[in-house]
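This report looks at two charged side chains and at one strand pairing. Please keep the sequence and the coordinates at hand while reading.

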Amino acid sequence: MSEFRLLSPNTSVTFSSCGSCRSCCGEKFFAAPLILNDFSAVASYFPIFFAHIKEWRAVIPLGSQTGMCPYLDHNGCTIYDKRPPACRLYPLSPFNDQLAIDRSCPAVDEPGIFLYDGQVSPLFYHERLQNFNDKLIATRAWLSERVDRFVPFTQLRSLEFYCLEGAKDEFEELHLNSLAHASIFGL
């Protein structure tokens with residue numbers, strides 16, 4: 001079970017590496033939230049859906065109906081250089097204006113540099129973190145303008161996924177084109 005905790009601005013955290021651990025690759029987390037800026041980065045490999053998780057969110061599946069991510073094999077991630085922002089940043093996760101860290105990740109607090117004095121190491125930094133709260137607000141506004149157009153698509157484990165019919169902007173177009181990847185996830 002994940003244990004996300006908010007980090008204070010002057011926090012330092014170490015992180016070694018994933019090594020052979022693959023528990024976050026669809027087993028622990030089977031969906032990841034997106035912001036609009038993520039759409040173009042994920043649409044080539046992941047279906048973009050909409051789900052109600054306390055509020056409407058854009059999400060991608062990280063696992064299949066039966067378990068792990070279909071891009072994971074015995075050698076690791078087969079799309080490592082193209083993996084989604086949630087995977088790139090894990091065990092960190094932006095949370096409004098702060099960062100949260102999953103303390104259940106076995107590589108957290110192991111030797112290595114990850115977060116020092118509140119700054120993410122350049123090795124792990126992703127542009128998604130820059131002005132994240134502004135991007136989140138824009139994403140929420142975009143979603144709220146489309147809620148009445150969401151139609152059920154499928155369910156992954158206990159989460160109902162929705163899609164749009166027809167595209168009216170570039171993000172909707174990316175969403176619709178991304179649905180071609182749903183079958184890779186068994187959806």
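The side chains of Glu172 and Arg149 are joined by a polar contact of 2.9 Å, a polar contact being a pair of N or O atoms within 3.5 Å, where within protein one must be able to donate a hydrogen and the other to accept it, and residues adjacent in sequence count only if both atoms are side-chain atoms. The model is predicted, so local features need pLDDT of at least 70 and side-chain atom pairs count only at pLDDT 80 or more, while totals for chains, interfaces and linings use all residues. Residues are numbered from 1 along each chain as its sequence is written, and side-chain values use heavy atoms, with hydrogens and water left out.

The polar contacts of Glu172 with side chains are set out here.

| Partner of Glu172 | Distance |
|---|---|
| Arg146 side chain | 2.6 Å |
| Arg149 side chain | 2.9 Å |

Glu172 is found in helix α4 and is buried, with a relative accessible area of 0%, where buried means under 20% (1.4 Å probe, protein chains only).

Arg83, in the loop between β6 (76-77) and α2 (85-89), is also buried yet has no salt bridge, that is, no side-chain nitrogen of Lys or Arg within 4 Å of a carboxyl oxygen of Asp or Glu. Asp81, the nearest side chain of opposite charge, is 5.1 Å away, whereas the backbone oxygen of Tyr80 lies 2.6 Å from a polar atom of the Arg83 side chain.

Elsewhere, strand β3 (residues 49-52) pairs with strand β4 (residues 56-61) in the antiparallel sense over four bridges, pairing requiring at least two bridges found by DSSP.

Technical notes
Helix = DSSP H or I, 4+ residues; strand = E, 2+ residues; numbered from the N terminus. Buried < 20%, exposed > 50% of the residue type's maximum accessible area, 1.4 Å probe, protein only. Lys, Arg positive; Asp, Glu negative; His and termini not counted.
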